[in-house]
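Colleague: I am new to this structure. Please walk me through it with short answers.

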Amino acid sequence: MLRINRVFFFLVALFCSLFIVVVYPSYGKVGKCVRSNFSVELRINSIQDSVKIRRVKGRNPGAKSFKTIAKPQFRIKENSNVSTALKQGIIIQPEVYQTLKNKNDITYTVIVRNVDHFLEYLNSRTFEGEIKAINSQTNALILDCAGRTLEATVLTYPHLAYIGLSQVIPKVENSINYMDLSVNRINAVHAAYPGLKGEHIQVSIKEQFLDTTDIDLVGRYFSVGLESEIISQHANFMATMIAGAGNTYHLGFGVAPFANITSSDFTSIFPDENELLIANEISIQNHSYGFEIDNRYSPEAQAFDHQSFQLPNVLDVMSAGNKGIETSGEGTYADIESYANLSGSQKMAKNGLIVGATNRFGVRDERSSAGPTFDGRVKPDLMAFGQEGSSDAAALVSGASVLIQDGYQQKYDDLPPSSLVKAVLIAGAKPYTDPMSFKTGYGQLNALAAVKIFNSEQFITGEVQKNDPSEFEIVLPENFKELKMVLCWTDEAGIAGSDLALVNDLDLAIMDPNDQEWLPWVLDYSPNFESLSNPPMRGKDARNNVELISIENPQAGTYSIHVSTDTEMDFAQQFSLAYQITDEDSFQWTFPSSSDICLTNEELIFRWDGKFIGTGRLELKNGAGEWDILDENVDLNDSYFSWTTDTPYFQSQLKMTIGARSFLSGEFNIVNETALNVDYDCEDKFKLIWEKDELAIAYELYELGNKAMVSIASVSDTFYLASKSMDQTLNFAVKPIYEFDANYKSRTIDFSEQGVNCYYTNFISELIDDSFVKNNLSLTSISDIEQVDFYNRKDGVNHLLSSLNVDINADLEVEDLDPWEGVNNYYAQINLKSGEEIQTDTTSIYYTEENTLIVFPNPIAKSSFLNVLTGKPGATLQLLNTSGDLLYEEEVFFDFAQIPIADLAEGIYILRLYQGSNQISQAKLMVTD
């Protein structure tokens with residue numbers, strides 16, 4: 001009978017569970033079924049936590065044909081604090097349940113109605129924990145406490161809204177040691193729009209602190225008081241890619257080289273305070289860090305969306321993460337390989353710009369994290385070049401965003417809405433095979449195309465409310481290959497813990513001249529690998545706050561653009577539209593331009609943009625003005641061609657022939673690399689040298705100025721001699737001057753850190769075979785040297801070993817075949833033709849004959865250490881007073897030993913060396929005060 005009742009009760013519970021899942025699938029519903037005194041309470045925290053969803057038919061994105069299978073839930077005791085909280089509608093993430101009996105501190109995020117009231121409540125309950133962070137804008141807090149404390153104290157607060165586990169300390173994504181601005185056409189922006197440099201744009205880098213002495217950032221760092229105490233090279237990489245001045249080398253030239261940089265510690269994972277961003281006019285914040293995979297709309301994600309909505313001109317750019325080969329273990333997309341692995345819940349936010357990584361050829365790095373987000377939205381938004389991951393890709397997109405903001409500010413004397421910056425960048429992006437995907441977003445960043453969209457004013461801003469749509473018209477001429485339209489809006493923050501982040505749903509539609517309606521591309525977000533991998537289809541998008549419509553081979557005529565909403569709102573929702581129109585026969589060279597640096601013996605990747613398909617013939621103009629064929633059949637779809645040469649080229653050009661048409665690049669130069677070195681570094685002067693470039697007609701010297709390298713001298717020789725001064729800069733570079741300017745400067749060196757002394761690099765003395773000493777001197781500039789003398793100083797007297805005044809070369813060697821017992825102090829004196837004498841550093845060699853005991857200094861002050869040369873490794877050393885009392889004994893394993901004598905009284909002592917029971921040698925020692 002008992003068994004039957006248990007089975008019956010189980011069936012009742014299962015029926016109730018399935019009823020709740022199928023009939024009440026929305027967030028926050030509670031189902032209750034009662035049979036006698038048996039009750040089942042099921043909390044559906046979210047679809048992904050309560051059910052597994054399997055697609056059974058149809059491909060229409062958003063279709064309702066899903067089969068739901070209930071998963072076991074945590075058993076929650078009736079009338080417990082947890083049960084009471086759930087009945088009050090408090091959102092509790094399922095992972096929290098596992099921690100409630102834990103005695104150790106755990107980090108939680110909570111949202112309350114009023115922070116000050118909550119803090120007063122905790123104080124009144126003698127809360128045993130620590131408040132780690134507070135976001136006053138969303139009333140969210142991060143706190144550390146034991147799980148038992150959370151259940152007993154925090155869960156009893158009457159105005160609680162949300163509890164979840166907080167993300168752990170952030171980690172920087174991988175960094176790069178190579179930068180190529182040509183991949184994303186940033187170099188082409190520099191060439192075509194030299195006025196866009198980000199001069200008045202303030203950028204914040206949220207992570208560890210950067211080295212503000214980095215000469216690529218000199219003069220442009222400003223502090224807001226939020227810096228980390230930890231300085232990291234990763235932060236310098238990010239800052240350099242965004243705003244490097246190229247003072248170190250041309251590879252240190254960033255996207256926006258005049259932008260101003262500040263730093264904010266990323267261990268505070270909430271957004272920085274609104275007032276601080278406003279006061280410091282910060283409009284871009286780069287986030288090149290991540291956490292573990294975390295697919296939920298967390299309080300942190302909510303806080304970033306809330307700030308974006310309140311500060312519509314501030315754009316957060318975040319790396320997607322480097323977890324592309326990992327699989328999420330939780331949520332709607334659990335166990336789906338290579339999808340839904342964005343690194344951190346902040347990246348679930350709607351309003352930021354999430355960036356994935358590619359290689360130098362635009363191919364997605366398999367390590368780059370992919371979407372969808374927890375609710376099926378498209379992330380990442382864009383892809384960009386990242387040698388080692390998505391950190392640097394995000395930095396490049398941050399820099400490109402600065403360029404758009406800079407252009408807008410110069411034109412309109414104001415900052416653009418972040419939704420417009422996003423729309424312009426997405427509209428200009430180069431799509432992959434499909435217009436969009438969960439792995440590559442809306443395509444590869446093309447900074448040149450984005451700036452052209454902005455510069456051509458191919459954008460619209462407006463607002464919309466229910467029953468009050470916005471309509472626009474654009475006219476397309478004949479012979480265009482594609483129209484691409486992007487709608488973007490900064491949405492208000494959703495509810496933390498909810499199943500859908502989108503609040504205000506806008507809709508984009510285009511009517512062509514034939515009254516055909518074109519809808520946005522949408523992806524099937526059903527939770528299985530096949531659906532997520534499928535190409536997009538056209539339909540209504542009710543999840544993303546970015547919508548994209550592209551039309552291939554558009555007909556000439558007037559197109560009507562419609563933006564509408566069915567969402568009831570108390571305000572008009574602002575939005576931005578940007579569009580790109582591509583010429584059918586477009587072809588444009590993007591690398592190299594006349595301002596790009598091209599070096600011999602380095603891989604050059606010639607790049608172009610265009611809509612041609614098939615193959616073309618690629619030619620290069622040589623020094624004689626003739627065209628050399630590089631390849632007869634270049635695949636035009638690749639948009640690049642790799643080539644290396646060991647021969648310099650001047651006023652060269654590229655030519656691509658496609659059918660009967662040819663497209664010429666601008667003129668560019670390929671030059672040899674020049675290495676700048678230090679010849680000598682003396683007390684009052686130093687000399688810089690470099691190898692002669694046979695094609696150079698002169699050289700220009702540069703030194704570091706307040707923000708950039710500035711020219712200080714022009715010379716025809718291959719050296720530069722300078723006198724030192726109190727305010728002497730340390731950083732120099734040399735630029736070969738050719739008949740045609742190549743814009744190339746050498747790597748910048750700090751002349752004081754090159755390991756070069758005054759006319760020599762090093763002086764080394766070495767004891768050989770315990771019998772003689774070899775002295776080696778490495779000289780730098782030998783042309784100024786008259787003679788070199790080698791000395792051994794013994795007891796304050798200099799003894800000449802050798803004088804060399806003929807056949808002086810860069811490396812000199814002098815042997816001392818008969819060193820003295822004890823300390824030998826060797827040095828060399830360099831005698832210049834001018835009469836100046838330069839002495840090298842002194843090196844000391846300890847030498848003793850076998851079985852000889854030498855002590856020094858002698859006499860010795862008792863506060864010092866006594867140095868002993870034994871000449872007999874393995875012997876026993878003894879220290880005795882004159883009465884014969886043994887004071888110290890040590891087995892000596894080397895020729896040299898040190899004995900502490902601080903406790904000895906003033907007087908005479910005896911040192912003895914024994915081998916077994918035989919005394920080998922003896923010495924007297926005098927100790928003084």
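Colleague: How far apart are the end C-alpha atoms of helix α10?
Modeller: This is a predicted model, and α10 covers residues 299-310. With 12 residues at 1.5 Å a residue, the helix should span 16 Å. The model agrees with that, because the end C-alpha atoms of α10 are apart by 16 Å.

Colleague: How many of the 12 residues of α10 are buried?
Modeller: Buried here means under 20% relative accessible area. The buried residues of α10 include Pro299, Phe304 and Ser308. The helix is largely enclosed by the rest of the structure, because the buried count among its 12 residues is 9.

Colleague: Which strands are the edge strands of the open sheet with the order β18-β27-β20-β25?
Modeller: The sheet has 4 strands, and their pairing is antiparallel. An edge strand pairs on one side only. That holds for β18 (459-464) and β25 (546-552).

Colleague: Which residue of β27 is the bridge partner of Val486?
Modeller: Strand β20 spans residues 480-488 and β27 spans residues 573-583. They run antiparallel and are joined by 8 bridges. In β27, the partner of Val486 is Ala578.

Colleague: Which strands of the sheet does helix α13 touch?
Modeller: Helix α13 covers residues 447-455 and packs on the sheet. Its direction makes about 110° with that of β27. The strands it touches are β18 and β27.

Colleague: Where does pLDDT stay under 50?
Modeller: The chain averages a pLDDT of 86, and 90% of the residues score at least 70. Where pLDDT is low, the predicted coordinates should not be read in detail. The stretch under 50 is residues 1-73.

Key:
Residues numbered from 1 in each chain as written. Predicted model: local features only at pLDDT ≥ 70, side-chain atom pairs only at ≥ 80, totals over all residues. Heavy atoms only, no water. Pairing = 2+ DSSP bridges. Helix = DSSP H or I, 4+ residues; strand = E, 2+ residues; numbered from the N terminus. Contact = heavy atoms within 4.5 Å. Axes fitted to C-alpha atoms, helices over the stretch in contact; angles between N-to-C directions. pLDDT = per-residue confidence, 0-100. Expected span 1.5 Å × (residues − 1). Buried < 20%, exposed > 50% of the residue type's maximum accessible area, 1.4 Å probe, protein only.
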